[in-house]
Amino acid sequence: MNKPLRRASVFSLLLVLTLLAWVTYVQLARGDSLREDPRNARVAISEYAGPLGDIIAGGKPVTGSAATKGDLKYKRTYADGKLWAPVTGYASQSYGSTQLEALQRQVLDGSDSRLKNPLEAVTRERSKSGDVITTINPAVQKAAYEGLGNKTGAAVAMDPTTGAVLGLASTPSYDPGSFAGSSSADQKAWTALQKDDKQPMLNRALRQTYPPGSTFKVLVAAAALENGLYSSVGEPTKSPDPYRLPGTVTDMHNENRSAPCENATIRTALQYSCNTVFAKMAVDLGQSKVAAEAKKLGFDNAKLDIPVRAAKSTYPSGMNDSQTALTGMGQFDVTATPLQMAMVSSAIANDGRLMTPYEVDRTTDGSASTLDQTSAKTYSQAMSRHTASELQSAMRTVVDQGTGTNAKIPGVTVGGKTGTAQHGENNSANPYAWFISYADAGGGHKVAVAVVVEDSDAARADISGGGLAGPIAKSMMKAALADTGS
């Protein structure tokens with residue numbers, strides 16, 4: 001063999017070896033990532049090659065699958081999509097998936113290795129799809145959604161004893177089935193939702209934070225009792241009316257100038273929602289003690305997954321005393337999701353023990369055999385039993401005699417706290433209407449609720465937590481306790 005031919009042969013051999021090495025690398029090292037890359041058309045074809053498993057609430061599926069004529073043989077369908085969108089999220093052939101549809105995708109599309117029999121594990125054939133069983137109570141979900149109606153807002157209900165989320169509503173909502181396929185109609189529906197100024201695809205229950213307003217006062221009261229500033233909700237506080245904000249010449253007044261807020265007890269201060277009492281209380285405690293209590297109740301946690309991740313609720317730091325005073329009434333830079341405020345109410349209702357919230361009870365293989373089950377877990381001992389009992393009593397007074405009377409349920413013990421939170425520059429926009437509450441029907445049957453109405457057609461003067469959010473919370477609590485005969 002002459003020298004040029006020998007060189008060409010060696011070079012060709014090296015090319016072949018390089019190609020073999022590259023193919024081996026791609027198959028072994030990058031095979032899984034390439035198979036799962038959403039830009040890989042085979043991923044979508046495989047994902048929608050058969051019917052998806054269902055997301056189930058109250059024993060009935062709220063999702064389904066329908067046959068199509070394209071390469072993607074099935075698409076996702078939804079029963080009453082607007083009602084369930086904050087729980088399910090969406091699964092779209094064109095736009096991917098979110099929330100439970102995304103987080104439980106491998107169970108729902110049959111690719112989870114736990115669903116495969118030995119032959120399927122070898123051949124990598126599609127397994128029968130699994131199902132996702134949620135903790136959501138359909139009656140509670142419907143009460144929340146219908147109660148919010150055409151208002152912009154959100155509502156969350158929890159079982160305080162387990163942390164199970166019973167209701168999770170956000171309005172305005174959207175129909176995830178309107179863009180589940182890949183047709184021009186699906187694209188048009190998607191584009192319209194993206195351009196909608198009301199942001200119907202925003203999950204306000206989990207992903208939107210608001211100033212909690214006066215509902216935050218129960219947390220400040222908890223910090224005061226936990227740190228020995230006051231021994232009970234019946235002890236008079238040291239609270240002038242009006243209260244001059246420290247370091248300023250600004251006097252804070254109460255919304256109701258005739259309310260008995262001067263040196264009021266915590267019970268009276270919650271009943272009349274005295275800003276002056278809780279502003280001074282926050283200053284007397286100091287921001288670090290309020291922050292510590294807030295943290296035990298879930299604030300400042302950027303990784304709160306139920307399993308959908310909630311936005312971080314925040315209690316600010318680095319404040320001066322006048323700013324700390326404003327946090328005592330849930331203003332300044334305090335922010336909270338509706339889920340977070342449901343957690344506050346839940347801890348109080350559960351004798352101070354906060355359970356970790358969750359919305360998936362279990363996943364199954366589609367034949368009722370459980371793949372995994374969520375166990376109730378303690379998030380924190382947020383306050384002592386004594387403190388919780390004191391706050392339960394004070395919150396009952398709010399419902400029985402104070403600003404929360406719209407939440408009364410005959411034959412059921414109900415406690416609550418209203419809130420009307422300022423927002424906009426110089427309080428220029430309509431306030432947010434809040435209501436947090438718990439209901440106890442006895443025998444261990446309890447529910448905790450948080451409702452926020454961000455925008456409604458009510459006149460500014462008529463916006464209040466008790467008036468707008470209270471009735472929604474009441475309907476949710478009644479639905480949750482219906483199986484107790486209450």
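Let me start with one pair of residues: Ile 55 stands opposite Val 132, which belongs to strand β7. Before going on, I should say that this is a predicted model.

The strand that pairs with β7 here is β1. Strand β1 covers residues 55-57 and β7 covers residues 131-134, and the two pair in the parallel sense over two bridges. In general, the strands of a sheet pair through backbone hydrogen bonds, and the pairing is either parallel or antiparallel.

Both strands belong to an open sheet of five strands, in the order β2-β1-β7-β13-β14, and its pairing is mixed. At the edges stand β2, residues 60-61, and β14, residues 370-373; each has a single partner strand, so one side of each has no neighbour in the sheet.

Next, one residue from this sheet. Thr 363 lies in strand β13, which runs over residues 360-364. Is Thr 363 buried or exposed? Its relative accessibility is 1%, and because buried means under 20%, Thr 363 counts as buried. What is around it? If we leave aside neighbours within four places in sequence, Thr 363 is in contact with several residues, among them Gln 104, Val 107, Arg 114 and Asp 131. The list also includes Val 132, the residue I began with, as well as Thr 370, Leu 371 and Asp 372.

Now the other sheet I want to show. This one is also an open sheet of five strands, with the order β9-β8-β18-β17-β16 and antiparallel pairing. Its edge strands are β9, residues 165-171, and β16, residues 413-421, and each of these pairs on one side only. From one strand to the next, the twist averages 10 degrees.

Two helices pack on this sheet. Helix α8, residues 138-148, touches β8, β9 and β18, and its direction makes about 25 degrees with that of β9. Helix α16, residues 338-349, touches β8, β17 and β18; the angle between its direction and that of β18 is about 150 degrees.

At the β16 edge, nine bridges join β16 to β17, residues 432-440, and the two strands run antiparallel. To find one of these pairs on the screen, look for Lys 417, whose bridge partner in β17 is Ile 436.

On to the cysteines. How many disulfides are there? The count comes to one. It is formed by Cys 261 and Cys 274, with their sulfur atoms 2.0 Å apart. The angle about the S-S bond is -75 degrees, and the link is left-handed. Cys 261 sits in the loop between β11 and α12, while Cys 274 sits in the loop between α12 and α13, so the pair ties together parts that are 13 residues apart in sequence. Cys 261 is buried, at a relative accessible area of 1%, and Cys 274 also counts as buried, at 0%.

Last, the protein as a whole. It has 18 helices and 18 strands. Of its 486 residues, 50% count as buried. The exposed area is about 21,600 Å², and carbon and sulfur atoms supply 50% of that. Among contacts with a separation of 6 or more, 67% are between residues 24 or more positions apart. The contact of Thr 363 with Val 132 can be looked up in the model as one example of a contact.

Note on methods
Residues are numbered from 1 along each chain as its sequence is written. This is a predicted model: local features need pLDDT of at least 70, side-chain atom pairs count only at pLDDT 80 or more; totals for chains, interfaces and linings use all residues. Side-chain values use heavy atoms; hydrogens and water are left out. Two strands pair if DSSP finds at least two bridges between them. Helices (H or I, at least four residues) and strands (E, at least two) are DSSP runs, numbered from the N terminus. Axes are lines fitted to C-alpha atoms, for helices over the stretch in contact, and angles run from 0 to 180 degrees between N-to-C directions. Contact means heavy atoms within 4.5 Å. Buried means under 20% relative accessible area, exposed over 50%, partly exposed in between (1.4 Å probe, protein chains only). Accessible areas come from the Shrake-Rupley method with a 1.4 Å probe; for residues, only the protein chains shown count as cover. A disulfide is a pair of cysteine sulfur atoms within 2.5 Å.
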